[in-house]
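Thank you all for making the time; I would like to walk through one structure this morning, beginning with one of its chains, then going on to a sheet and finally to the packing of nonpolar residues.

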Amino acid sequence: MTLASLAILGDDTTGVASQILGFTVDNAKQNCANSVADDGSWAETANYWYFGTTGHAEMASSLLTATGSHYGLLDVNANFFRTGQFHMYVYGATSLFNYGDHGPNKFSTTANGMFLYSKSYNQPSFSLFQREQVDAAEPWSMFWYDPTVSGAFWDGTPLDHFFDNALDQWASMRSSWTDENALYVAIKAGLNQGHQTHNDLDVGDFVLDALGTRWAGELGSGDYLSTNYFTSDAQDADRWQYYRKMTEGQNTIMIDRGNQNVLAQPSVKHDSSGTQQGSSTVMNIPSDSTAYWTTDMTSAYFNA
Amino acid sequence: MWQALPNLIQNDPYLKGWNDTIFGNATAYFSLDPVVYHMDGDSGILDNAREIKMRIKAFAYVYRMTNDTKWVDRCWAEVQVSFVNLAIGCPLIKFLCRMLLHLALRQINGITYTSSTLQNFLPRWALRMTGYTTCGPLTRKPKFAVPLSNGGSNQAFLYSPQVPLSAGGKLMLPAIGIASVTED
């Protein structure tokens, strides 16, 4: 709506384009911009991050180039910039930590908002990371990428990072940023509600990459046309009767063949040696490098 | 920005690689049949809409870099199938495809959006598309609407969400169209 309105703003004699812009910008600032938690995690899922940030970046860019202002879209959420870091850490050695719904096919949806965010938030690592990705090769990159950026995204970047917002408590731990055969473990706790009905009942869920293979993976979305798939995320919701959404379909503990409590409020503990990769693409892990993450997920069960 | 691209592409290996890939993709899409909507898959019509957007972005980019109007014609073929030849499909589908095309074109045209660049970009389209600014009943509940009544031929009317909506305003249709496809 924003792009269409901007495109015809000069020709529209009805005032509607202007009127729509009055709604859409505020709406995006109140909703889309706040899909990023204070730790950078995207409220829906790691895959829906692509759809959300593509729209956000297109909207911000079009407002900027057409009018010279983003009207607060880029900074109404002071932590929005952290979502670039979220994307880097949620991307494992082989693929995404793709918990919850993975969503429709992406086609024109990419992570290339990273280029815009790199410039807008002065975060060179976002651009340095994204320019190495296969989905960078599409038209938006031609305008959002700043070729004067220099360095390496892995240089000085910690191997591990913990995301502690209660909505999506999760951990990302790896043995290298630059080796597709690296060990990568990502694991989550977080709330079982508040994800725009795109999540699973999956406190304790994890993925594991090693030797270039994902050994513990995710099943992703169910059929979006399934009865009441999106209707509710209450305890008795039909959504939780679908295998890919129920606790049984996750890489976590199931008790009494039952679903987790949708009102779970897990807690987490973690620490890391803080090991960083250097400038080389060859990462030699020091013998004292380590990381751990634990969760008390008792509240996710009715009979624990 | 468009004028700066050729030099940047020659001097930056990333931009050069992406440019080559986009040209390759556009060439591959060129010989494919236009995207056809058969029936809802588990992603509804989102797949069709996004695939059309993907193609149009590539076609439009290559057109802007080459000024070869065969890319405009290929875009138009995509449009015709998307919202003209789908007469047996839902009117909303035709409408959404047209809308997304509209959007993609203006996006690619831009990054700088002005009416003059739009007219420079696709003068033939603008004329042709005017003929297709018809409206049909929307079969899905609108998520967003701007009520307007400004008289004359641009009147638009919004009924309750349970009742099909009709509109005559050129902007009303795109607005609701996008709102309908962004719900997932």
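Of the 184 residues in chain B, 40% are buried, and I should say at once that this figure, like everything else I will mention, comes from a predicted model. In that chain, eight helices are found together with two strands, and the order along the sequence is α-α-α-α-α-α-α-β-β-α. If we take the contacts in chain B with a separation of 6 or more, 61% of them join residues that are 24 or more positions apart.

Let me turn to chain A, where five strands form an open sheet in the order β1-β2-β3-β4-β5, with antiparallel pairing. The edges of this sheet are held by β1 (161-163) and β5 (213-216) of chain A, each of which has a single partner strand, so one side of each is left without a neighbour in the sheet. On average, and with direction ignored, neighbouring strands here are turned by 15° against each other. As general background, strands of a sheet pair through backbone hydrogen bonds, in either the parallel or the antiparallel sense.

Going through the pairs one by one, strand β2 (residues 170-174) and strand β3 (residues 184-188) of chain A are joined by five antiparallel bridges, and within this part of the sheet Met173(A) has Val185(A) in β3(A) as its bridge partner. Four bridges, again antiparallel, link β3(A) to strand β4 (residues 206-210) of chain A, with Val207(A) in β4(A) as the bridge partner of Ala186(A). Between β4(A) and β5(A) there are three bridges in the antiparallel sense, and Ala210(A) stands opposite Thr213(A) in β5(A). The hairpin made by β4(A) and β5(A) has two residues between the strands, and there Leu211(A) takes a positive phi near 55°.

Which residues have the most contacts inside the largest nonpolar core? That core has 95 residues, and the ones in question are Leu73(A), Val90(A), Ala186(A), Phe59(B) and Val62(B). The largest share of the core, 11 residues, is contributed by helix α3 (residues 46-66) of chain B. Ala186(A), then, is listed among the residues with the most contacts in the core, and it is also the bridge partner of Val207(A).

To finish with Leu73(A), if we leave out residues up to four places away in sequence, this residue touches Val25(A), Ala28(A), Lys29(A), Ala33(A), Met59(A), Ala60(A) and Leu63(A).

Definitions and conventions:
Residues numbered from 1 in each chain as written. Chains lettered and ligands numbered in written order. Predicted model: local features only at pLDDT ≥ 70, side-chain atom pairs only at ≥ 80, totals over all residues. Pairing = 2+ DSSP bridges. Axes fitted to C-alpha atoms, helices over the stretch in contact; angles between N-to-C directions. Buried ≥ 20, exposed ≤ 12 C-beta atoms within 10 Å, placed from the backbone. Contact = placed C-beta atoms within 7 Å. Core = buried A, V, L, I, M, F, W, Y, C linked by C-beta atoms within 7 Å.
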